[in-house]
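Biologist: I'd like to learn how to read a model like this one. Can we go through it feature by feature?

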Amino acid sequence: MRDILTVGDVQKMTYTVPADKTVPHLYPESEDYRIMPEVFATGFMVGLLEWVAIIALRPVLDEGEGSLGTMVNIQHSAPTPPGARLTVTARCVRVDGNYVEWEVEARDDEGDVAAKGTHGRHVIDTARFLKRVAAKAERLIPVSAS
């Protein structure tokens, strides 16, 4: 990771919530989810807040590096219907070696805070990480078809 990321750096993006990112679509195999209101799902909100941090890290990554989310502490405080637009912000609050922590927030066009919190990411050597995943996958016991 290049040493150009500093505490206080900010990344913003906008996102329009599609119908397929609402609660009933989070786990469509679950009847419990399918009967819930069609508002932006917390699981997708967390992914959106991670996404803005991923974008913020791109310019500081060296060849072969990536980042993985390793901490989320998010309060999802306002419903967001499909078609609503969110402005998503990540502000760097900590850089500690390969760990970067962000204050994250999503606001709708009416100014309501839809979600806020903190998100941590570790910068990784992608090839080394994928090797670890492959080794772990080889140790898994195959699931029988019965």
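Biologist: Let's start with α3. Is α3 buried or in the open?

Modeller: Buried means under 20% relative accessible area, exposed means over 50%, and partly exposed sits in between, using a 1.4 Å probe and protein chains only. For α3, zero of the 14 residues are buried, so the helix lies largely in the open. Bear in mind that this is a predicted model, where local features need pLDDT of at least 70 and side-chain atom pairs count only at pLDDT 80 or more, while totals for chains, interfaces and linings use all residues. Residues are numbered from 1 along each chain as its sequence is written, and side-chain values use heavy atoms, with hydrogens and water left out.

Biologist: What decides where a helix or strand begins, and how far does α3 reach from its first C-alpha to its last?

Modeller: Helices (H or I, at least four residues) and strands (E, at least two) are DSSP runs, numbered from the N terminus. The expected span of a helix is 1.5 Å times one less than its number of residues. With 14 residues, α3 reaches 20 Å, close to the 20 Å expected at 1.5 Å a residue. At its start, a side-chain oxygen of Asp125 comes to within 3.2 Å of the backbone nitrogen of Ala127.

Biologist: Now the sheet. In what order do the strands come?

Modeller: Two strands pair if DSSP finds at least two bridges between them. Here an open sheet of five strands runs β1-β3-β4-β5-β2, with antiparallel pairing. β1 (10-16) and β2 (65-76) are the edge strands, each pairing on one side only. Neighbouring strands are turned by 25° against each other on average, direction ignored. Axes here are lines fitted to C-alpha atoms, for helices over the stretch in contact, and angles run from 0 to 180 degrees between N-to-C directions.

Biologist: And what does α3 touch on that sheet?

Modeller: Contact means heavy atoms within 4.5 Å. Helix α3 (residues 126-139) packs on the sheet and touches β2 and β5 (113-125), its direction making about 90° with that of β5.

Biologist: How many bridges hold β3 and β4 together?

Modeller: β3 (residues 85-96) and β4 (residues 99-108) pair in the antiparallel sense over 10 bridges. Arg94 stands opposite Glu101, and Val88 has Ala106 as its bridge partner. The two strands form a hairpin with two residues between them, and Gly97 in the turn has a positive phi of about 65°.

Biologist: What about the other partner of β4?

Modeller: β4 and β5 run antiparallel and are joined by nine bridges. Trp102 stands opposite His119, while Val104 has Gly117 as its bridge partner. This hairpin has four residues between its strands, and Gly111 in the turn has a positive phi of about 90°. As for cover, seven of the 10 residues of β4 are buried.

Biologist: Which residues have the most contacts inside the largest nonpolar core?

Modeller: In soluble globular proteins, nonpolar side chains tend to be buried together. A nonpolar core is a set of buried Ala, Val, Leu, Ile, Met, Phe, Trp, Tyr and Cys residues joined through side-chain atoms within 4.5 Å. The largest one has 24 residues, and those with the most contacts inside it are Met45, Leu48, Leu86, Val88 and Trp102. Two or more residues each come from β1, α2, β3, β4 and β5, and α2 gives the most, with eight. Leu86 has contacts that include Met13, Phe40, Met45, Leu48 and Ala114.

Biologist: Could you finish with a polar example? Which side chain does Ser67 meet in a polar contact?

Modeller: A polar contact is a pair of N or O atoms within 3.5 Å; within protein, one must be able to donate a hydrogen and the other to accept it, and residues adjacent in sequence count only if both atoms are side-chain atoms. Ser67 lies in strand β2, and its side chain makes such a contact with the side chain of Arg121 (2.9 Å). Ser67 counts as buried because its relative accessibility is 15%.

Notes:
Lists of a residue's contacts leave out its neighbours within four places in sequence.
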